[in-house]
Amino acid sequence: MNKRILSGVQPSGQLHIGNYFGMIDRMISLQSNSDLFCFVANYHSLTSINNKDELEKNTSEAFIDLLALGINPEKSTFWIQSHVPEVTELAWILSNFSSVGLMQRSTSYKDKIANGLKPNMGLFSYPILMASDILLFNADVVPVGKDQKQHLEMTRDIAIKFNNFFGDIFTIPEIEIDNTNDIIIGVDNQKMSKSYNNTIPIFGDHDTINNQVMNIVTDSAGLNEPKDTNTPLFKIYSLFLDIESKKELHDRYNTPGLKYMEVKKELVDIIINYFADQRSRKNELLSNKDEVNELMNLGKLKAQNIARETLSHVKRATGLL
Ligand code: TRP
């Protein structure tokens, strides 16, 4: 049987190329030989978005963007988290197997507070909801970035504790950290992240993409000097290149005469062309609300089937049913 792989994407704004090369492209290629479960984590976004229109818009846009990028809702199970509210019921049950000390050691919680998020119980128990996302669907593997590793260790911890009391109810998920891709760098040479305002949106219009590419920081190497490749322009450009073309770009950097402005202009076109098919698919979906609603409903039904089965095992095992 194919392994069940699960991942969630928070709808916290426009998806950017850091999201794409960090995770989304991997999920899309995983669909061919695994049982992919993927959802838009809008309950999680309630920890940072307290605005009806914004949450609604971000959620449906993330759903449409992921469809346009290649998540296949027939082959995979793809849904919006809040459409399967069973996840919150399981989260309550799991919270009784989640130690306060463990939650207090969450580096992500501490970082978020340091960045100005309100320290409320939703934010504090974020890792329990995440454990519920994973355990409810019996995921075998959860591929995540380094920043989510601790959350997954908590999930394993909670599942092991629960199973010790009640038997083999939950699959203990493997953590898969992607080491092939370094952190994706933003235009300012920090990690690409919406909170740093240094992203290049996948589906931005020409002006937005152009402006952000022009904002990529470069050094002041003279025209006739070779150029440093350990720099954001080279790194971002390379994301779009195969090994051969990356070597060519490398050679151009080593040859005097390279003009950063020319490289930037090329990069704008490359980004726009790279996502051209996906962009037209997105436009198609935007003008076909019925199709999108149908796909949302399909995902909900597929996910809910499994969720209800797991939840009923859990409730029987604990004496709630
Ligand atoms: N916390 C994840 C993030 O911010 C999103 C997420 C929510 C998730 N639930 C999940 C990821 C379950 C993997 C599995 O990126």
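**Close-up views of a predicted model**

**Figure 1. Polar contacts of the ligand.** A nitrogen atom of the ligand sits 2.8 Å from an N or O atom in the side chain of D133. Keep in mind as you look around that this is a predicted model. Y126 also reaches the ligand, with a polar side-chain atom 2.8 Å from a ligand nitrogen. Q148 joins in too: a polar atom of its side chain is 3.1 Å from a nitrogen atom of the ligand. On its own the ligand would expose 360 Å², and the protein buries 87% of that area.

**Figure 2. The shell around the ligand.** Step back a little, and 13 residues can be found surrounding the ligand. Q10, Y126, M130, D133 and Q148 are the closest of them. By class, the shell has 7 nonpolar residues, 5 polar ones and 1 charged one. Two elements, β1 (4-9) and α8 (126-136), each provide at least two residues of this shell. The biggest share comes from α8, which gives 4 residues.

**Figure 3. Helix α8 and what follows.** Here is the helix from the previous view, now by itself. How many of the residues of α8 are buried? The count is 11 of 11, so the helix is largely enclosed by the rest of the structure. Among these buried residues are Y126, M130 and D133, which are also listed with the closest neighbours of the ligand. I128, L129, I134, L135 and L136 are buried as well, and so are P127, A131 and S132. After α8 comes N138, which has a positive phi near 50 degrees.

**Figure 4. The second largest pocket.** This pocket has a volume of about 410 Å³. It is lined by 19 residues, and those closest to its centre are M121, G122, S125, Y126 and I128. Elements that contribute two or more lining residues are α2 (42-45), α4 (86-95), α5 (100-104), α7 (121-124) and α8. Of these, α4 gives the most, with 4 residues. Which classes of residue make up this lining? There are 11 nonpolar and 8 polar residues, and no charged ones. You may recognise Y126 from Figure 1, where a polar atom of its side chain lies 2.8 Å from a nitrogen atom of the ligand.

**Figure 5. The largest cavity.** The structure holds 1 cavity of 30 Å³ or more. The volume of the largest cavity is about 30 Å³. Its lining is made by Q14, L15, E61, D65, P201, I202, F203 and K282. Sorted by class, these are 4 nonpolar, 1 polar and 3 charged residues.

**Figure 6. S34 in its loop.** S34 belongs to the loop that runs between α1 (17-30) and β2 (35-40). Is S34 buried or exposed? Its relative accessibility is 6%, so S34 counts as buried. The side chain of S34 has a polar atom 2.5 Å from the backbone oxygen of L30.

**Figure 7. N164 on helix α9.** For the last view, look to α9 (residues 149-166), the helix that contains N164. With a relative accessibility of 65%, N164 counts as exposed. N164 and L6 are separated by 158 residues in sequence. In space, the distance between the two is 24 Å, C-alpha to C-alpha.

Methods: Residues are numbered from 1 along each chain as its sequence is written. This is a predicted model: local features need pLDDT of at least 70, side-chain atom pairs count only at pLDDT 80 or more; totals for chains, interfaces and linings use all residues. Side-chain values use heavy atoms; hydrogens and water are left out. A residue is near a molecule or strand if one of its heavy atoms lies within 4 Å of it. A polar contact is a pair of N or O atoms within 3.5 Å; within protein, one must be able to donate a hydrogen and the other to accept it, and residues adjacent in sequence count only if both atoms are side-chain atoms. Accessible areas come from the Shrake-Rupley method with a 1.4 Å probe; for residues, only the protein chains shown count as cover. Ala, Val, Leu, Ile, Met, Phe, Trp, Tyr, Cys and Pro count as nonpolar, Asp, Glu, Lys and Arg as charged, and the others, Gly among them, as polar. On a 1 Å grid over the protein atoms alone, a cavity is a set of points where a 1.4 Å probe fits but cannot get out, and a pocket is an open set with protein on both sides within 12 Å along at least five of seven lines; lining residues have an atom within 4 Å of a point. Grid points are joined across faces, edges and corners, and a volume is the space filled by probe spheres set on the points. Buried means under 20% relative accessible area, exposed over 50%, partly exposed in between (1.4 Å probe, protein chains only).
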